[in-house]
Every structure is written in structure tokens, then in C-alpha cells.
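Open the model in your viewer and keep the sequence panel handy. We'll go from stop to stop, selecting as we go.

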Amino acid sequence: MEYIFLFSGQGSQFKGMAEDICNEYPSARTVIDEMSKASGEDIASFLWNTEPEELARSDRSQIAITAMQAAIITVLQEHGITPTAAAGFSLGEFSALYAAKVLDLVTMTKLVTLRGKIMQKYCEKLDGQSKASGSGCGMAAVLKLDPERIVEILKPYSDPMTGIVFAANLNSPMQTVVSGTAEGLDVAEKLCKEAGAKRFIRLAVAGPFHSPLMRGAAEEFSAVLQDVPFNDPVIPIFSNVTGKRLLTGEEAKKNAVLHLTHPVRWLEEEREIASLIGTAERPLLEIGPGMTLCNLWRDSGCAGNCHPTGTAEQLSAVIDTSRS
């Protein structure tokens with residue numbers, strides 16, 4: 001059976017993730033150990049021993065989630081399940097690049113480790129500045145308000161150089177995530193509720209991701225990528241930055257920098273993937289912790305079913321189904 005792999009992003013992490021998978025499938029733990037060696041970090045400890053508040057840090061969660069995803073890919077490959085296309089939500093795009101052979105395991109590991117550390121550094125810098133207003137920078141989910149309407153009402157506060165709040169993740173017709181300073185999130189909450197949003201939920205993330213507020217991190221990460229080779233993808237892969245299919249390694253490399261300051265166009269990616277699938281029976285797998293992408297796919301209105309793989313039970317169910 002042919003599958004499309006979707007890779008979850010930061011915010012889906014939880015203490016103890018992948019432990020049951022490693023107990024059930026020894027190859028999963030081998031991959032995590034290989035990545036620990038490449039990163040210089042004790043990733044197993046991040047996964048299993050780190051409390052939620054500490055795990056939410058970008059320099060912990062990003063490499064932990066990526067390691068879990070690489071472990072799941074390995075288990076699936078052992079059972080003859082490989083992707084025919086891939087996409088990753090935010091951080092998950094790096095695992096998608098690995099699945100499409102744009103990056104090898106060691107290169108991906110090193111890049112994600114450095115990316116997480118750079119982003120955490122700038123998040124702490126922004127957070128310190130924003131706390132003068134009473135709380136830190138961050139993100140919030142806006143529910144049941146049209147994404148285009150959100151972009152419109154935030155436009156006066158979203159100047160790329162001076163703005164305080166931005167539409168960051170265009171997830172579904174019913175959910176958009178905004179990024180901003182403490183003041184910006186307060187403004188967005190007021191405006192979105194006045195416009196009819198059902199809920200405005202502050203998220204447990206380390207900073208205002210996918211917004212121009214992260215331009216300092218983007219500049220530093222660009223220097224990291226300068227001499228890193230990105231191969232052309234061997235399967236269709238889709239970009240958060242454009243919402244379209246990535247065609248070359250150079251395009252993927254350029255977008256890896258833009259990724260930090262530009263919104264995630266996930267709904268557009270879902271529609272592109274649905275167009276690729278057409279009428280074929282090609283299920284999707286969410287690779288990583290949680291079921292966020294499965295739920296977003298359901299809400300998108302696109303045809304096809306998305307199945308989670310974040311627990312040993314879920315992973316085994318996918319493997320059993322592929323044999324039938």
C-alpha cells in the first residue's frame with residue numbers, strides 16, 4: 001500500500017513520547033542513539049525524562065520530535081512502508097526533507113539541533129523584551145474565524161519591520177495560529193473575538209514562530225546553512241513557505257531560512273496533496289506525536305484518511321493494515 005507521510009511540528013511533544021515504540025521496536029532506539037551521537041545531546045533523556053515546561057523549549061523539543069519521527073520512519077521501512085510523498089508541519093518539514101532524501105540523517109540531526117538552539121536564544125531575547133508588558137512573546141490558536149479575515153484585521157499590526165502580531169499558521173478553514181509580542185497577542189485576541197472567533201487559545205510554545213519577529217534567528221540560521229548541500233527530492237515534497245511542491249534542493253535550502261519568518265501555508269499544502277492523490281486510494285500517515293495533522297486533514301475537507309503513528313499501538317495497527 002502507498003502512503004503519504006505528514007510530519008508533526010513543535011508543540012505536539014509530551015514527556016515519555018516514543019518510549020513504548022522503542023520498547024516494541026529496537027531499531028527505533030538505535031536511530032535515537034545515532035542521532036544523540038550526531039547532535040551531542042542526550043535525546044533519550046529529552047524524550048523520557050524532561051518535564052513538559054522544559055521540553056517545550058526549542059532546544060529540547062525540536063530535536064526530540066525529529067528523533068521520534070526518524071525512529072518511526074525506520075520502523076515503517078523495516079516493514080516495507082515507505083512514503084510516495086511527504087510534507088511536514090513547521091519543524092516537521094525537516095523530517096520530510098529526510099524522508100525525501102534531501103538531507104541524510106546526520107545532516108538533518110545537526111541542522112535541527114542548531115536550529116532549535118538558535119530559535120531558543122532569540123525566543124529568550126524577545127521574551128525578555130516583551131515581559132515589560134506583563135507576559136512573553138508567543139502564539140495563539142484562533143478557532144472558527146476565516147483565515148483571510150484574520151489576516152485582514154491584523155494587517156495594521158503586521159508590518160514586517162514594526163509589527164507586533166502576525167498570522168503564522170494557516171492550518172484549516174476553522175483554525176489559524178497567530179504569533180506576536182505580549183501586546184500583539186492581546187490586540188489579536190480582542191480583534192478576533194470582536195470579529196466572531198469562537199476561541200482564542202494561548203499555546204505552550206517558546207516564541208513567536210513563523211513571523212518577522214524571528215528575523216534575527218533566520219539570519220543566523222542562514223549562515224549555518226551556507227555550505228550545507230541539499231539534494232533534489234526523490235519523491236514529491238511540499239513547502240510550508242509556498243504551499244506548493246518543492247522541486248529542487250536549492251529551493252528547499254532557501255525555504256529553510258524563509259521558514260522562520262513566513263507563515264505555514266498548511267491548508268494550501270493539504271489541497272496540493274489532495275490534488276496529487278486524486279481519486280487514488282492512498283492513505284496518509286501522521287509521523288510523530290499526537291494527532292494534530294490527522295485532525296487538520298479531516299477539517300480540510302480533502303478526500304482520504306490520515307492515520308496516527310505516535311504510539312506503539314498505532315504504529316503496529318498501520319503495519320498490520322499494510323500487510324492485509
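## Stop one: a glycine in a helix

Select Gly184, which sits in helix H9 (residues 182-194). Helices (H or I, at least four residues) and strands (E, at least two) are DSSP runs, numbered from the N terminus. Before going on, a note on the ground rules: this is a predicted model, where local features need pLDDT of at least 70 and side-chain atom pairs count only at pLDDT 80 or more, while totals for chains, interfaces and linings use all residues. Residues are numbered from 1 along each chain as its sequence is written, and side-chain values use heavy atoms, with hydrogens and water left out.

Is Gly184 buried or exposed? Gly184 counts as buried, because its relative accessibility is 0%. Here buried means under 20% relative accessible area, exposed means over 50%, and partly exposed is in between (1.4 Å probe, protein chains only).

Now show what Gly184 touches: leaving out residues up to four places away in sequence, you'll find Ile164 and Val165. A contact means heavy atoms within 4.5 Å. For a distance label, try Met139: this residue is 45 residues from Gly184 along the chain, and their C-alpha atoms are separated by 9.9 Å.

## Stop two: a hairpin

Val165 leads us on, so to speak, to the next selection. Pick strand S4 (residues 165-172), where eight of the eight residues are buried. Add strand S5 (residues 175-180): the two strands run antiparallel and are joined by six bridges. Two strands pair if DSSP finds at least two bridges between them. Look for Val165 again, and you'll see that its bridge partner in S5 is Gly180. Between S4 and S5, a hairpin makes the link through two residues.

## Stop three: the six-stranded sheet

Next, bring up the open sheet with the order S8-S7-S2-S1-S9-S10, six strands with mixed pairing. Its edge strands are S8 (245-246) and S10 (306-308), each pairing on one side only.

Colour S1 (residues 3-7) and look to either side of it. Toward strand S9 (residues 284-287), four bridges hold a parallel pair, and Phe5 has Leu285 as its bridge partner there. Toward strand S2 (residues 83-88), five bridges make another parallel pairing, with Tyr3 standing opposite Pro83.

Which residues of S1 are buried on each face? On one side there are Tyr3, Phe5 and Phe7, and on the other Ile4 and Leu6. That fits the count for the strand, five buried residues out of five.

## Stop four: the helix across the sheet

Select helix H14 (residues 312-323), which lies across S1, S9 and S10 and runs at about 130° to S10. That angle is between N-to-C directions and can run from 0 to 180 degrees; axes are lines fitted to C-alpha atoms, for helices over the stretch in contact.

Show the side chains of Ala312, Leu315, Ser316, Val318, Ile319 and Ser322, which are buried in H14. Looking down the axis of H14, its buried residues fall within an arc of 155°, so they line one face of the helix. The arc is that of the directions from the helix axis to the C-beta atoms. What do the buried residues of H14 pack against? Their neighbours are S1, helix H1 (19-24), helix H5 (58-78), S9 and S10.

## Stop five: two loop residues

Find Ser90 in the loop between S2 and helix H6 (92-99). Although Ser90 is not a glycine, its phi is positive, about 55°. Ser90 counts as buried, because its relative accessibility is 10%.

Then go to Lys101, in the loop between H6 and helix H7 (105-130). Phi of Lys101 is also positive, near 65°, in a residue other than glycine. At 52% relative accessibility, though, Lys101 counts as exposed.

## Last stop: zoom out

Show the whole protein chain, with its 14 helices and 10 strands. Along its principal axes, the C-alpha trace spans about 55 × 45 × 35 Å. Of the chain's 324 residues, 58% count as buried. Among contacts between residues at least 6 apart in sequence, 73% join residues at least 24 apart.
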